[in-house]
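Q: I'm new to reading protein structures, and I'd like some help with this one. Please pick a single part, look at it closely, and then show me how it fits into the rest.

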Amino acid sequence: MDKAFFINNRKKLEERMENDTILLLFAGRAPYKSADELYPFIPNRNFYYMTGIDEDKIILLISKIGEKISERLFIQRPDPIMAKWVGATISEDEAKERSGIDSIEYLDKFEDAIGSILNGNKVEKIYLDLERQEIRTSFTESQEFARVIVKRYPYIQIKNIYHDISEFRTIKSKEEIELIRKAIEITNEGILNMMKNAKPGMMEYEIEAYFDFTLKKNGIRNRAFETIAGSGKNGTILHYSDNNSKTKDGDLILFDLGAQYKYYNADITRTFPVNGKFTERQKEVYNVVLEAMKAVEEAARPGISYGQLNEAAKRVLTEGCKKLGLIKEDNEISKYYYHSVSHYLGLDTHDVGMYNVELKPGMVITNEPGLYIEEEGIGIRIEDDLLITEDGCENLSKDIIKTIEEIESFMNK
């Protein structure tokens, strides 16, 4: 991604800041896994969105004193000893080139810099990313810093900037859309590789391994999320990820997966018969899900809400389940379809943003209806990724085969 993208993101954020305020974003750091082993480091996505830097411990400081804006990055001081063990940290020149920020300082100067700003200026407010998914999750660096400020500078107001950044992230730039396209393209290759090599009697993780190989072959280090590979009854469990059952002849296998390309994600689901041939009952259920998917794609356009998309899917699934002999009343559909049909997609697989809004051009969302018939061992979900355009939507994953005829033809070649 060109640094102009990150410069523009910061400019939009700075326009939201009031005068006589500062803003801090933290890259984060990897938590300990066990003993001296750390989990792999993943940059805070809001920090990355504003800087283009994916190294741990770094801090972005933006001050807006009066109307004068100043940007500074605080990076780790070079350590020749640690460089021999784990590699060199980002240099000043690299930080400038990636972020477009000219003022680079070292982390050991950060507290002095904050103290100087707060002591020498009439700062009334500090903006922090205070995202919190659950009450009991651990404190982030931003939240810990907020506690320090409240205790030591009680006259300064803390403002959560998380929702403002989330709002920006819901509308994707051309560059972001191209990265998502690339992630989908690689995901497609991986799906075809799995279909080509799937056979009854293989373990779910054996088939999954063909997807992982495709990612590595394309230089992909990370999946968008832990792959779901559910065969037979396992396919009726929404977030099944054990992937350790043996497939049987006649099983369907549901794969919900995605490549992550330069931190942008694909999120695709395909369900196919392990032996390459759908049974008649599987075909009936599959085609209902496929029709619901088409209904959502036709409905997706600016001005439509997430709720309306879900209702479009439910109408088709409900009528289909009646014809399949599964239900008699509309309200019984929740037995076989019990999730929403869509979410945002981008730097996070379940990307940030409010859901009580109407769709706008530039949003990228998923389209993923499903039916889960546990008593028959049939779990079917099909998922594409849609870009909302000025007058409708573009199916970014339209080239990934999904009709019964396409799947059977490919697998039986």
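A: Let's start with a cysteine: Cys321 is buried, with a relative accessible area of 0%. Keep in mind that you are looking at a predicted model. Another cysteine, Cys393, has a relative accessibility of 21%, so it counts as partly exposed; buried would mean under 20%. With a disulfide taken as two cysteine sulfur atoms within 2.5 Å, the count comes to zero.

Now for the close look. Please find helix H7, which covers residues 162-170. Is this helix mostly covered or mostly exposed? It is mostly covered, since seven of its nine residues are buried. Going along the helix, the buried ones are Tyr162, Asp164, Ile165, Ser166, Phe168, Arg169 and Thr170. You may notice that this list includes Asp164 and Arg169 as well as Ile165 and Phe168. Here is a handy rule for reading any helix: an α-helix has 3.6 residues a turn, so residues three or four places apart point the same way.

What do the buried residues of H7 pack against? Their partners include two helices, H1 (3-16) and H2 (45-51). Strands join in too: E1 (21-26), E7 (125-128), E8 (157-160) and E15 (364-367). Try tracing each of these partners in the viewer, starting from H7.

For another helix, go to H10, residues 280-299, where you will find Glu291. Its relative accessible area is 42%, so Glu291 is partly exposed. Val316 lies 25 residues away from Glu291 along the chain, yet their C-alpha atoms are separated by 6.9 Å.

Let's step back to the whole protein. Its secondary structure comes to 12 helices and 19 strands. The radius of gyration is 24 Å, close to the 22 Å that the globule rule gives for 413 residues, so the protein is as compact as a globular protein of that length. Along the principal axes, its C-alpha atoms fill a box of roughly 75 × 50 × 35 Å. Over the full 413 residues, 51% count as buried. Among contacts between residues at least 6 apart in sequence, 70% join residues at least 24 apart.

Finally, look at the surface and the charges. The protein exposes about 20300 Å², and carbon and sulfur atoms supply 48% of that area. There are 57 positive and 72 negative side chains, and the centres of these two sets lie 1 Å apart.

Conventions: Residues numbered from 1 in each chain as written. Predicted model: local features only at pLDDT ≥ 70, side-chain atom pairs only at ≥ 80, totals over all residues. Heavy atoms only, no water. Helix = DSSP H or I, 4+ residues; strand = E, 2+ residues; numbered from the N terminus. Rg over C-alpha atoms; globule rule 2.2 N^0.38 Å. Buried < 20%, exposed > 50% of the residue type's maximum accessible area, 1.4 Å probe, protein only. Contact = heavy atoms within 4.5 Å. Areas by Shrake-Rupley, 256 points an atom, 1.4 Å probe, with all protein chains shown as cover. Lys, Arg positive; Asp, Glu negative; His and termini not counted. Charge placed at Lys NZ, Arg CZ, Asp CG, Glu CD.
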